[in-house]
Amino acid sequence: MHTLEQLPNFIGGTWLRSKNAEYLDVTNPATGEIIAEVPLSPAVDVDAAVSAGSKAFESWRRVPVTERAHYLFTFREKLEAHFEDIARTATRECGKTIAESRGELRRGIENVEVACGIPSLMQGYNNEDIASGIDEHMIRQPLGVVVAITPFNFPGMIPLWFLPYAIATGNCFILKPSEKVPQTSQWLVRLLEESGLPRGVVQLVHGGKPTVDALLEHPLVKAISFVGSTRVARHVYAQAAANGKRAQCQGGAKNAAIILDDAAMDMTSNIVADSAFGCAGQRCLANSLAITVGGAREPFTEAMADAARKRRVRYGLEEESEMGPVITPESKSRIERLISEAENEGARILIDGRGRSVDGFENGNWVFPTLLDGVPAEGMLARTEIFGPVFGLIHADSLQEAIDLVNSQSYGNMACLFTSSGAAARQFRYEAEAGNIGINLGVAAPMAFFPFSGWKDSFFGSLHAQGRHGVEFYTQTKVVVERWPSYWSRRF
Ligand code: NAD
């Protein structure tokens, strides 16, 4: 009989079975097959990981910055060498297509590459003679043990929004990945181990809420990076603040695209359909709502219906697959219930993705692309993050009315505009209340050297993930004001 792998934690440079943990099944969302068991690590494991990190910090912060960067160069090479293995693991546990897994891993590696520039990125600044014979310097120092808690939908990329910057700046790092997708993180940490990283610099601790709460309460954890739903982001942000920790917490989203009648309609509907149905809509930058203005209504609706009908929904490991399943049976039921509720509040179902299945994969969590027209602007569907392949259409008479609708959302992760008018684009860019703006783009994902800038209920904190923001988040500034009297009196 084949026994399932019980995944170990990685603490102090050793792969360890969790102490007294319960185990949870990890399931392939397309096949329903159980592929591993993940520990729900208790506080004692968290304590061991924090202690290992604290111990390693004393020497790691003294490793020259160029040497710390060298470990990242090696790590990058190993990620490239195992690129396909990692992407296949992500697809198996998360359900997205293999092309989507390759795409997210590429974006993750870009963060490793940016963090390789840490000798320049981490520099401070100074002035000579801020007063006669007195100089002032600002230097950046690491914080200590820092933690990232990550969601299920980008198992390869999101840990890499944080890890490379955290360790490059001299911190020790604990990753607590989503318990739904633990095996991709297993790969990342194994490759860091193979890169020769000193023991204790990176820890992997699997688990759920009790594990997160133990991390939030641990006095030696100095900073928390979180990505997940807004409900949990709020909790993590509040607890981190109450316990005196730095926090950057990215939450959920409801991203609208405004379509003007001067947009290039074929290109627009292709881009918006990819944004809405890519990753089965389980993307914090998914367009889940369109606001068509004036004459854009008819051609855009027809083109979207066509795109929704044609999307090839298959097992993600099949190369021709354009959309995989949603993450769990509970997620599928929730999405189907929300479609019914949308119908009850007056939306008209143009394409119904409920009750469908993929031949040979009948145990998968399938929801096919769904298109709803006449969505009430104040209703549930227009305001709720569905996190599935469900796309709603609202119609407005003017660009201003559409922008006002975008700004009435509680979320502010991304907003997009499709147009050929520079003036309209300028107005939108200026007025839209969202941290990531797409002009004729459906997934305005910032590159690794820009901050991932959510606003409103999509982000709690001030410094975002990636690039220079990451470096600032993981360092504290120290200002040195100095005078050397003997030199001064000798010279003058
Ligand atoms: P989630 O909030 O359920 O879980 C995220 C992490 O928090 C996981 O590691 C999980 O173990 C932990 N967690 C879950 N419940 C907890 C609790 N009660 N207390 C403490 N920790 C808890 O999110 P998810 O379902 O894994 O991911 C989907 C969500 O993430 C969506 O809302 C999506 O929009 C959001 N997301 C946001 C971004 C962004 O950049 N803003 C990016 C990706 C995903």
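This report describes surface patches, salt bridges, cysteines and selected backbone features of a predicted model.

## Surface patches

Ile130, Val479 and Val481 together make a nonpolar surface patch of about 250 Å². Of these residues, Ile130 belongs to strand β5, which covers residues 125–131. The relative accessible area of Ile130 is 42%, so this residue is classed as partly exposed.

A patch of negative character is also present on the surface, formed by Asp397, Glu401, Asp404 and Glu431. Asp404 is located in helix α14, which spans residues 399–407. With a relative accessible area of 43%, Asp404 is partly exposed.

## Salt bridges within a helix

Side chains of opposite charge can pair when their charged atoms come close. In this model, 23 salt bridges are found. One of the pairs is formed by Lys209 and Asp213, whose closest N and O atoms are 2.8 Å apart. Both residues belong to helix α8 (residues 209–217), and because they are four residues apart there, about one helical turn separates Lys209 from Asp213.

The two partners differ in their accessibility class. Lys209 is exposed, at a relative accessible area of 53%, whereas Asp213 is buried, at 17%.

## Salt bridges between distant parts of the chain

Arg312 and Glu322 form a further salt bridge, in which 3.6 Å separates the closest N and O atoms. This pair links distant parts of the chain, with the partners 10 residues apart; Arg312 and Glu322 are each in the loop between α11 (297–310) and α12 (329–344). Arg312 is partly exposed, with a relative accessible area of 36%, and Glu322 is likewise partly exposed, with a value of 28%.

A salt bridge also connects Asp373 with Arg348, the closest N and O atoms lying 3.3 Å apart. Here too the pair links distant parts of the chain: Asp373 is in strand β15 (residues 370–373) and Arg348 is in strand β14 (residues 348–351), 25 residues apart. Asp373 is buried, its relative accessible area being 6%.

## A salt-bridge network

Salt bridges also join residues into a network. Its members are Arg76, Glu77, Glu80, Arg106 and Glu113.

## Cysteines

A disulfide is a covalent bond between the sulfur atoms of two cysteines. A search of the whole structure returns zero disulfides. The cut-off for such a bond is a sulfur–sulfur distance within 2.5 Å.

For Cys94, the closest cysteine sulfur is that of Cys279, at 7.2 Å; this distance is too far for a bond, so Cys94 is not paired with Cys279. Cys94 is buried, with 2% relative accessibility. For Cys249, the closest cysteine sulfur belongs to Cys284 and is 14 Å away, which is also too far for a bond. The relative accessible area of Cys249 is 0%, and this residue is therefore classed as buried.

## Backbone features in loops

Most residues other than glycine have a negative phi, and most peptide bonds are trans. Ala280 has a positive phi of about 50°, although this residue is not a glycine. Ala280 is placed in the loop between α10 (265–277) and β13 (287–293). At 1% relative accessibility, Ala280 is buried.

Phe387, also a residue other than glycine, has a positive phi near 55°. The loop that contains Phe387 runs between α13 (380–383) and β16 (390–396). Phe387 is buried, with a relative accessible area of 17%.

## Gly207

Gly207 occupies a position in the loop between β9 (202–204) and α8. Helix α8 is also the element that contains the pair Lys209 and Asp213. The relative accessible area of Gly207 is 0%, which means that this glycine counts as buried.

The separation of Gly207 from Leu220 can be given both along the chain and in space. The two residues are 13 residues apart in sequence, and their C-alpha atoms are 19 Å apart.

Key: Residues numbered from 1 in each chain as written. Predicted model: local features only at pLDDT ≥ 70, side-chain atom pairs only at ≥ 80, totals over all residues. Heavy atoms only, no water. Patch = residues over 30% accessible without salt bridge, like charges linked within 9 Å, V, L, I, M, F, W, Y side chains within 5 Å. Areas by Shrake-Rupley, 256 points an atom, 1.4 Å probe, with all protein chains shown as cover. Salt bridge = Lys/Arg side-chain N within 4 Å of Asp/Glu carboxyl O. Helix = DSSP H or I, 4+ residues; strand = E, 2+ residues; numbered from the N terminus. Buried < 20%, exposed > 50% of the residue type's maximum accessible area, 1.4 Å probe, protein only. Lys, Arg positive; Asp, Glu negative; His and termini not counted. Charge placed at Lys NZ, Arg CZ, Asp CG, Glu CD.
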